Amino acid sequence: MIFVPFTVPGDRVVVRITQRRERFARARLEKLLTPGSGRVEARCPVFGECGGCAWQHVDYPLQLDAKREARPAENTPVQAKPSRLRVS
């Protein structure tokens, strides 16, 4: 599993791994090759700089789906699922 901020499911990207762990890695977005269908233009002029609006580049229905997946069901442990990434 690789966590890449500012990406959207379906994006084709070039990333640089910044942290490796046993079960996951973190990466920095280097280049957006092809935007995913759920990517929209962020409305905030400082999007990506201040960190206050992490979901603005994701289409609202896709945001809701991702947040529902991450929300725990009643009486079950929390298991957040990150964006679906395809590494190639």
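**His-57 and the three-stranded sheet**

A polar side-chain atom of His-57 lies 3.3 Å from the backbone oxygen of Thr-7. The model is predicted, and this distance is computed from its atoms. His-57 sits in the loop that runs between strand S3 (25–34) and helix H1 (60–70). Its relative accessible area is 3%, so His-57 is buried, the limit being under 20%. Beyond its neighbours within four places in sequence, His-57 is in contact with eight residues: Phe-6, Thr-7, Val-8, Gly-38, Arg-39, Val-40, Ala-42 and Phe-47. Thr-7 thus appears both in this contact list and as the owner of the backbone oxygen 3.3 Å from the His-57 side chain.

Phe-6, one of the contacts of His-57, was examined next. Phe-6 lies in the loop between S1 and S2. Its phi is near 70 degrees. This is a positive value, and the residue is not a glycine. Phe-6 has a relative accessible area of 35% and is therefore partly exposed, as this class lies between 20% and 50%. His-57, by contrast, is buried at 3%.

The overall layout comes next. The protein chain holds one helix and three strands. From the N terminus on, the order of elements is β-β-β-α. The three strands form an open sheet, and their order in it is S1-S3-S2. The pairing is mixed. Strands S1 (2–3) and S2 (12–20) stand at the edges; each has a single partner strand, so one side of each is left without a neighbour in the sheet.

The two pairings were then taken in turn. Strands of a sheet pair through backbone hydrogen bonds, in either a parallel or an antiparallel sense. S1 and S3 pair in the parallel sense, over two bridges. In register terms, Ile-2 stands opposite Ala-25 in S3. S2 and S3 pair in the antiparallel sense, over eight bridges. Here Arg-20 stands opposite Ala-25 in S3. Ala-25 thus faces Ile-2 as well as Arg-20. S2 and S3 also form a hairpin, with four residues between them.

Arg-28 gives a view from within strand S3. Its relative accessibility is 44%, so Arg-28 counts as partly exposed. Arg-28 and Val-4 are 24 residues apart in sequence, yet their C-alpha atoms are 5.9 Å apart in space. Val-4 is also one of the contacts of Arg-28 outside the four-place sequence window. The others in that list are Val-14, Val-15, Arg-16 and Thr-18. Within S3 itself, the side chain of Arg-28 makes a polar contact with the side chain of Glu-30, at 3.0 Å.

Totals for the protein chain complete the picture. Of its 88 residues, 16% are buried. Among contacts with a separation of 6 or more, 34% are between residues 24 or more positions apart. The chain exposes about 7,100 Å². Carbon and sulfur atoms supply 51% of this area.

Methods. Residues numbered from 1 in each chain as written. Predicted model: local features only at pLDDT ≥ 70, side-chain atom pairs only at ≥ 80, totals over all residues. Heavy atoms only, no water. Buried < 20%, exposed > 50% of the residue type's maximum accessible area, 1.4 Å probe, protein only. Polar contact = N/O pair within 3.5 Å; in protein donor to acceptor, adjacent residues only side chain to side chain. Contact = heavy atoms within 4.5 Å. Pairing = 2+ DSSP bridges. Areas by Shrake-Rupley, 256 points an atom, 1.4 Å probe, with all protein chains shown as cover.
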